[in-house]
Amino acid sequence: MTDKPYRKNVGIVVFNAQGRAIVGERVEFPGSWQFPQGGIDEGEDYLAAAERELYEEIGVKDATYVGEYKDWLDYDFPNFLNLHAELQKFKGQTQKWILYYWDHPIEDCTLDHFEREFISIKYMDLLEIPKLVVDFKKPAYEKFVPFFFTLVQNYIADLKK
């Protein structure tokens with residue numbers, strides 16, 4: 001049992017007009033795909049953090065906010081992770097998940113504005129992604145992805161009106 005706190009973090013789902021979401025193959029977990037995410041700085045609003053992380057991780061600056069998952073979702077860092085010193089202070093992460101619309105080709109993204117976290121990125125069917133994320137993140141993905149799927153479908157239906 002650990003008394004370490006959870007690190008505040010924001011997760012970001014970006015989808016296009018076809019309802020497909022941007023996922024990245026993590027540098028440290030080749031073959032595993034996940035959504036962009038990142039820490040919330042001291043005193044930073046989680047929506048500001050989401051916009052900053054979108055730019056730092058995938059180079060997106062002009063996405064449209066659509067919604068968010070109501071709860072913060074936690075996951076623990078597994079023992080096998082080789083965490084850098086800053087993350088070793090934490091038990092895991094507590095995440096606020098945000099949904100954005102951005103209808104551009106994947107080639108408009110750039111992966112090296114800050115510290116490169118993804119080997120590559122692509123658009124993928126939203127409901128497929130929980131099957132491809134690392135195991136310790138699956139429970140969180142299985143909660144927010146179905147909720148976001150409904151928001152995505154509604155948003156796309158409204159675009160077609």
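How much of the chain over residues 5-146 is helix, how much is strand, and how far apart are the end C-alpha atoms? The answer is 15% helix and 35% strand, with the end C-alpha atoms 28 Å apart. Before going on, please keep in mind that this is a predicted model. I chose that range because of the record, where an unreviewed UniProt entry places the feature "domain: Nudix hydrolase" at residues 5-146.

Let me take one strand and then the pockets.

The strand is E2, residues 20-26. Of its 7 residues, 6 are buried, so E2 is largely enclosed by the rest of the structure. Buried here means under 20% relative accessible area. As a general point, side chains in a regular strand alternate between the two faces of the sheet.

What does E2 pair with? One partner is strand E8, residues 118-125, which runs antiparallel to E2 and is joined to it by 7 bridges. If you want a place to look in that pairing, Val23 stands opposite Lys122 in E8.

Strand E3, residues 33-34, also pairs with E2 in the antiparallel sense, over 2 bridges. Here Glu25 is the residue standing opposite Trp33 in E3. E2 and E3 form a hairpin, and 6 residues lie between them. In that turn, Gly31 has a positive phi of about 95°.

Now the pockets.

The largest pocket has a volume of about 930 Å³. Its lining takes in 39 residues, and those nearest the centre are Arg7, His84, Leu87, Gln93 and Glu117. Where does the lining of the largest pocket come from? Strand E1, at 6-15, strand E4, at 37-39, and helix H1, at 46-58, each supply at least two residues. H1 gives the largest share, which is 5 residues. Sorted by class, the lining of the largest pocket has 16 charged, 14 nonpolar and 9 polar residues.

The second largest pocket holds about 180 Å³ of space. It is lined by 11 residues, of which Lys4, Phe77, Asn79, Leu83 and Phe90 are the closest to its centre. The classes in this second lining are 5 nonpolar, 4 polar and 2 charged.

To recap, E2 is a largely enclosed strand, with E8 joined to it by 7 bridges and E3 paired with it over 2. The largest pocket comes to about 930 Å³, and the second largest to about 180 Å³.

How values were computed
Residues are numbered from 1 along each chain as its sequence is written. This is a predicted model: local features need pLDDT of at least 70, side-chain atom pairs count only at pLDDT 80 or more; totals for chains, interfaces and linings use all residues. Side-chain values use heavy atoms; hydrogens and water are left out. Helices (H or I, at least four residues) and strands (E, at least two) are DSSP runs, numbered from the N terminus. Buried means under 20% relative accessible area, exposed over 50%, partly exposed in between (1.4 Å probe, protein chains only). Two strands pair if DSSP finds at least two bridges between them. On a 1 Å grid over the protein atoms alone, a cavity is a set of points where a 1.4 Å probe fits but cannot get out, and a pocket is an open set with protein on both sides within 12 Å along at least five of seven lines; lining residues have an atom within 4 Å of a point. Grid points are joined across faces, edges and corners, and a volume is the space filled by probe spheres set on the points. Ala, Val, Leu, Ile, Met, Phe, Trp, Tyr, Cys and Pro count as nonpolar, Asp, Glu, Lys and Arg as charged, and the others, Gly among them, as polar.
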